[in-house]
Amino acid sequence: MTLSVAVRNAAAVAALGAALAGCGGGTGSPKPANQARTGTSAAPAPASPSATPSGSPKAGAPAAVAVLPPGPNGLTPVFERAKQRTDKTVALTFDADMTSDQGPRAASGERFDNPQLISSLRALKVPATIFMTGRWAEEYPDQAKAIGSDPNFEIANHSYSHHAFKSPCYGLPALDAAAAKADVDRAFAAFRTAGAVNTVPYFRFPGGCYDDQALRALSPARVTAVQWDVVSGDAFAKDPEAVAEQVLSGVKPGSVVVMHCTRSAAPVTEEAVRKVVPELRKRGYRFVKVSDLIGK
Ligand SMILES: [Zn+2]
């Protein structure tokens, strides 16, 4: 491999965005996640994902998890990697992508889920954070409930529609500020409707695209935005070995790895995971959820 890791990662991010856009994609690139903050505070999950409209906790509501304090001027905080960690912990994260207009494709047989990946994670005893779109939860409610009831996993918010929170973003349709907050709320509502319990107040921007305006728009949602420091390159990948190699070369203590839980756009992810997990364990790594990384 002659390309630098940075170049490979940039290419992978572009491929990821194109995959998420469901088309050739635009030319926008995500803003570097340079606003990661390492301070943490224990705080209860916000009312939106875990409480009824009356504000009283629902039966089976998730326990409080660590979130980051708001950034300057109340902006939504951004977490990228637990840079302060010196122990070998790593969080594998999986975006369960489905765009709000992909219903007809699902109806015609395209699979946006990946049950084999979920069962392999269970068999390997790898805790994981699934960034799910609300549309995915509507399409696969039984899986959303099963994932969201399994202590091995936590479900975080990847928007309802998988539209852009900052434009341009790989050709994704853009949401305005009011629609952005509503879209996040709608995804949490879809998780509740499916019966998912283990939801956490974390949000991943579709395509990873955000700016201060997007962070401001989401302030009332009281989520922690979660980016990543390791791009797996699994979007549209055909070679699980190459994906595994890219992950293994990028992981550092406290890393967050972005992968996908959708066979439609990431068909070799499960196979790559089965290569990555034993090798990272051999190197002394322990797998944790994002909440464990933020909480330490
Ligand atoms: Zn996505």
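A crossing of two helices is right-handed if the near helix is turned clockwise from the far one by less than a right angle, and left-handed if anticlockwise. In this predicted model, helix α9 passes helix α10 in a right-handed crossing.

## The α9 and α10 pair

Helix α9 covers residues 240-250 and helix α10 covers residues 269-282. The two pack at an angle of about 35°, and their axes are 8 Å apart. On the α9 side, the contact is made by Pro-240, Glu-241, Val-243, Ala-244, Val-247 and Leu-248. On the α10 side, Glu-271, Ala-272, Lys-275, Val-276, Glu-279 and Leu-280 take part. Sorted by character, the residues of this contact comprise 8 nonpolar and 4 charged ones, with no polar residue.

Leu-280 can be followed further. This residue belongs to helix α10. Its relative accessibility is 1%, so Leu-280 counts as buried. Leaving aside neighbours within four places in sequence, Leu-280 is in contact with Val-90, Leu-248, Val-251, Tyr-285 and Phe-287. Of these, Leu-248 is also one of the α9 residues in the helix contact. Val-251 is 29 residues from Leu-280 in sequence, and their C-alpha atoms are 8.7 Å apart.

## The overall fold

The protein has 11 helices and 11 strands. It is 296 residues long, and 56% of them count as buried. Among contacts in the protein with a separation of 6 or more, 82% are between residues 24 or more positions apart.

## The zinc site

Which protein atoms are the donors of the zinc ion? Asp-97 is listed with two OD donors, while His-158 and His-162 each give NE2. These donors lie 2.0 to 2.8 Å from the zinc ion. Along the sequence, the donor residues follow the spacing D-x60-H-x3-H.

The site has 4 donor atoms, with angles of 50 to 135° among them, and is classed as irregular. Four donors count as tetrahedral if all angles lie between 85 and 135 degrees, and the range found here begins at 50°. Both histidine donors, His-158 and His-162, are buried.

## Backbone exceptions

Most residues other than glycine have a negative phi, and most peptide bonds are trans. Three places in this model depart from those tendencies, as described below.

His-162, one of the zinc donors, has a positive phi of about 60° although it is not a glycine. His-162 lies in the loop between β6 and α7. Is His-162 buried or exposed? With a relative accessible area of 0%, His-162 is buried.

The loop between β6 (153-157) and α7 (177-194) also holds Pro-168. A cis peptide bond joins Ser-167 and Pro-168, with omega at about 5°.

Lys-125 is another residue with a positive phi, about 55°, that is not a glycine. Lys-125 sits in the loop between α4 (115-123) and β5 (128-132). Its relative accessible area is 63%, so Lys-125 is exposed.

## Pairs separated in sequence

The table lists four pairs of residues with their separation along the chain and their C-alpha distance.

| Pair | Separation in sequence | C-alpha distance |
|---|---|---|
| Leu-280 and Val-251 | 29 residues | 8.7 Å |
| Asp-211 and Ser-167 | 44 residues | 9.4 Å |
| Thr-86 and Pro-253 | 167 residues | 5.9 Å |
| Thr-224 and Tyr-202 | 22 residues | 4.8 Å |

Asp-211 lies in the loop between β7 (199-203) and α8 (212-217). Its relative accessibility is 22%, so Asp-211 counts as partly exposed. Its partner in the table, Ser-167, is the residue joined to Pro-168 by the cis peptide bond.

Thr-86 is located in the loop between β3 (78-79) and β4 (89-96). Thr-86 has a relative accessible area of 73% and is exposed.

Thr-224 lies in strand β8, residues 224-226. At a relative accessible area of 0%, Thr-224 is buried. Which residues is Thr-224 in contact with, leaving aside its neighbours within four places in sequence? They are Val-67, Leu-68, Pro-77, Phe-79, Pro-201, Tyr-202, Phe-203 and Ile-294.

Note on methods. Residues are numbered from 1 along each chain as its sequence is written. This is a predicted model: local features need pLDDT of at least 70, side-chain atom pairs count only at pLDDT 80 or more; totals for chains, interfaces and linings use all residues. Side-chain values use heavy atoms; hydrogens and water are left out. Donors are N, O and S atoms within 2.8 Å of the metal (3.2 Å for Na, K and Ca); water is not among the atoms, so sites may look incomplete. Four donors count as tetrahedral if all angles lie between 85 and 135 degrees; four count as square planar and six as octahedral if opposite donors are over 155 degrees apart and all others between 65 and 115; anything else is irregular. Buried means under 20% relative accessible area, exposed over 50%, partly exposed in between (1.4 Å probe, protein chains only). Axes are lines fitted to C-alpha atoms, for helices over the stretch in contact, and angles run from 0 to 180 degrees between N-to-C directions. Helices (H or I, at least four residues) and strands (E, at least two) are DSSP runs, numbered from the N terminus. Contact means heavy atoms within 4.5 Å. Ala, Val, Leu, Ile, Met, Phe, Trp, Tyr, Cys and Pro count as nonpolar, Asp, Glu, Lys and Arg as charged, and the others, Gly among them, as polar.
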